[in-house]
Amino acid sequence: MYEKINYGGWPNCIRLSNDEVELIVTTDIGPRIIRFGYINEQNFFYLSPEDSGRTGGGDWRIYGGHRLWHAPEAKPRSYYPDNDPVNYTYTDHSIKLIQAKETTTGIVKEMEITLSEHKNQVTVLHRLVNQNLWDLELTPWSISAMAPGGLAIIPQEPFGEGDDYLLPARPLVLWQYTKMNDTRWIWGDKYIQAKQDPAKTSEQKIGVLNKQGWAAYLLNGSLFIKQFAFDPTILYPDFNCNNEIYINGDFLEIESLGPLTKIQAQGTIEHTEHWLLARAEAKENEGSVDEHIFVSLDELITQLKNGG
């Protein structure tokens, strides 16, 4: 189903839905996905109350939801505001959102969002178009601001004894403000888990080279899984990270990144995520995560292999 609605204070939103799930995008600002969830149930995405319904102006606003940036992060380049209307087209369960060219960077951001007709699966293709007369080295950076009170989960590398595995398995990257002893981090054998706690307002962030290519967010008995690519032959930004987790007192961001690529003048680069919703009552312990995550993850992988 495709329909125009007023949502979050923006009058020109578009809702895509099937029998189970729905997502909502804005056209008054963006490109942004501002809702994803089961029909008539919780929104997995955080929306900023002070930014609700706002448009226009030259200041960047968090807004919330799912957005497209370009990495490595830098001010002012990464913070070009998405406060103006976007063009869009709709065909066969897909909507394409096109932002006007960024006047400071010459980049055009596009999202192509496809909701499965019968399954709770979404594919989000992120595209950067270099409309300059010169090359740029950038990475598509897809960022989901998740609703408060949930638990993010990213997989560790499989355990192996030192005599058999002499080389390091992957980077774990820390920011200047990262505190590894912050109680929001749970450093497990199989997973790194991160709790969003509204009572703790300080910022935290880590990055990893996620070779398994998935991350998840558990919220009030439901599970959001995003799947993304890992290619061992290419370089990712931020000391070779394709997956990052950011936390503050309002939300938690699950971020995935494409390859660090030189985009030729008038050229493009793309990065795709696949999303799935599932029911799950998993707790913080790793046995519970195993029981609930992998059933849902196997379902997503099977769907992708079968063409969605």
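1. Let's start at one edge. β6 and strand β7 (residues 94-98) pair in the antiparallel sense over five bridges, where strands are DSSP runs of E of at least two residues, numbered from the N terminus, and two strands pair if DSSP finds at least two bridges between them. Y90 has I95 in β7 as its bridge partner. A note on the source: this is a predicted model, local features need pLDDT of at least 70, side-chain atom pairs count only at pLDDT 80 or more, and totals for chains, interfaces and linings use all residues. Residues are numbered from 1 along each chain as its sequence is written, and side-chain values use heavy atoms, with hydrogens and water left out.

2. That pair belongs to an open, antiparallel sheet of ten strands, ordered β6-β7-β8-β9-β21-β17-β16-β11-β14-β13. β6 (87-91) and β13 (185-187) are the edge strands with a single partner each, so one side of each has no neighbour in the sheet. On average, neighbouring strands here are turned by 15 degrees against each other, direction ignored; the axes behind that are lines fitted to C-alpha atoms, and angles generally run from 0 to 180 degrees between N-to-C directions.

3. On to β10 (residues 136-146), where ten of the eleven residues are buried, meaning under 20% relative accessible area (exposed is over 50%, partly exposed in between; 1.4 Å probe, protein chains only). β10 runs antiparallel to β5 (residues 65-71) over seven bridges, with H70 opposite P140. Six bridges join β10 to β19 (residues 252-257), again antiparallel, and A145 has E253 as its bridge partner there. Three more antiparallel bridges link β10 to β20 (residues 261-263), where L138 is partnered by T261.

4. Salt bridges: there are 17 of them, each a side-chain nitrogen of Lys or Arg within 4 Å of a carboxyl oxygen of Asp or Glu. E253 turns up again here, meeting R67 at 3.1 Å, N to O. E253 sits in β19 and R67 in β5, so the pair ties together parts that are 186 residues apart in sequence. Both residues, E253 and R67, are buried.

5. Two other pairs deserve a look. R279 and E41 meet at 2.8 Å, N to O; R279 is in β21 (residues 268-279) and E41 in the loop between β4 (32-38) and β5, so this contact ties together parts 238 residues apart in sequence. R279 is partly exposed at 48%, and E41 is partly exposed at 37%. E3 and R15 form a salt bridge at 2.6 Å, N to O, and they link β1 (residues 2-7) with β2 (residues 10-17). E3 is partly exposed at 28%, whereas R15 is buried at 12%. There's also a salt-bridge network of K96, E110, E112, R127 and E270.

6. Back to β13, which holds W187. With 32% relative accessibility, W187 counts as partly exposed.

7. R170 is in the loop between β11 (151-155) and β12 (172-174), and is buried at 17%. Its C-alpha is 7.9 Å from that of N210, 40 residues apart in sequence.

8. For the overall picture, the chain has two helices and 21 strands, helices being DSSP runs of H or I of at least four residues. The C-alpha trace spans about 55 × 45 × 45 Å along its principal axes, and 54% of the 308 residues are buried.
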